[in-house]
Amino acid sequence: MPASNLTTFELRMLEIARALATKPRLLMLDEAMTGLNPTETRQMLTIIRELRDNGGITIFMIEHNMRAIMEISDRIMVLHQGMKIADGKPEEIGRNVEVIEAYLGETYVRS
C-alpha cells in the first residue's frame, strides 16, 4: 500500500520502522503524538516503552502532549521561548511554577 494511503498513526509507525531499520542506540522522536487520538496515543506510548525497556534504545522526544510525556519520561527538560526553564523528574516538572505559568497560564497557578 502506498504511504499516501496510510492513516496518521500508520504513517508514524512507518517513520519509526524506517528509523529502527538503522539499528539506532538513540531514537529521536519529534511530535510523535501529534494528530493521534487517545487510543492511538496509548498505542504509541506502549510501542515507545517497549523500545526503551526491551529494545536497548534511548528515546529522546520533543513533544507537546504533556500528559503523554509525563507518563513515559524518566527525565524532562522544558524549554520556553528558546530558554531552558526546568529540568528534572516528571513529578518535579509537574509542580514547577515556571512551567505551569509558561504552559497553563498564571490563572492556573493561583487556583
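Arg12 is buried, at a relative accessible area of 16%. In this predicted model, the side chain of Arg12 still has a charged partner. Arg12 forms a salt bridge with Glu15, and the closest N and O atoms are 4.0 Å apart. The cut-off for such a pair is 4 Å. Glu15 is partly exposed, with a relative accessible area of 46%. The pair therefore joins a residue under the 20% limit for burial to one that lies between 20% and 50%.

Why can these two residues meet? Both belong to helix H1, which spans residues 8-20. They sit three residues apart there, so about one helical turn separates them. Side chains of opposite charge can pair when their charged atoms come close.

The structure holds five salt bridges. Another of them links Arg52 with Asp53, where the closest N and O atoms are 2.7 Å apart. Arg52 counts as partly exposed, at 24% relative accessibility. Asp53 is partly exposed too, with a relative accessible area of 47%.

A further salt bridge joins the side chains of Asp87 and Lys84, at 3.6 Å from N to O. Asp87 counts as partly exposed, with 32% relative accessibility. This contact does not stand by itself. Arg75, Lys84 and Asp87 are linked in a network of salt bridges.

Arg75 leads on to the largest pocket. Which residues lie nearest the centre of that pocket? They are Met61, Ile69, Arg75, Ile76 and Met77. Arg75 thus has a place in the salt-bridge network and in the pocket lining. In total, 22 residues line the largest pocket. Its volume is about 760 Å³.

Several elements give two or more residues to this lining. They are helix H2 (38-54), strand E2 (58-62), helix H3 (66-72) and strand E3 (76-80). Which element gives the most? Strand E2 does, with five residues.

What is the make-up of the lining of the largest pocket? Its residues divide into 14 nonpolar, three polar and five charged. Met61, Ile69, Ile76 and Met77, which are among the residues nearest the centre, belong to the nonpolar class. Arg75, also among those residues, belongs to the charged class.

Two threads run through this model. One is the set of five salt bridges, including the Arg12 and Glu15 pair. The other is the largest pocket, with its 22 lining residues. Arg75 takes part in both, through the network with Lys84 and Asp87 and through its position by the pocket centre.

Technical notes: Residues numbered from 1 in each chain as written. Predicted model: local features only at pLDDT ≥ 70, side-chain atom pairs only at ≥ 80, totals over all residues. Heavy atoms only, no water. Helix = DSSP H or I, 4+ residues; strand = E, 2+ residues; numbered from the N terminus. Buried < 20%, exposed > 50% of the residue type's maximum accessible area, 1.4 Å probe, protein only. 1 Å grid on protein atoms, 1.4 Å probe; cavity = no way out; pocket = protein on both sides within 12 Å on 5 of 7 lines; lining within 4 Å. Points joined across faces, edges and corners; volume = space filled by probe spheres on them.
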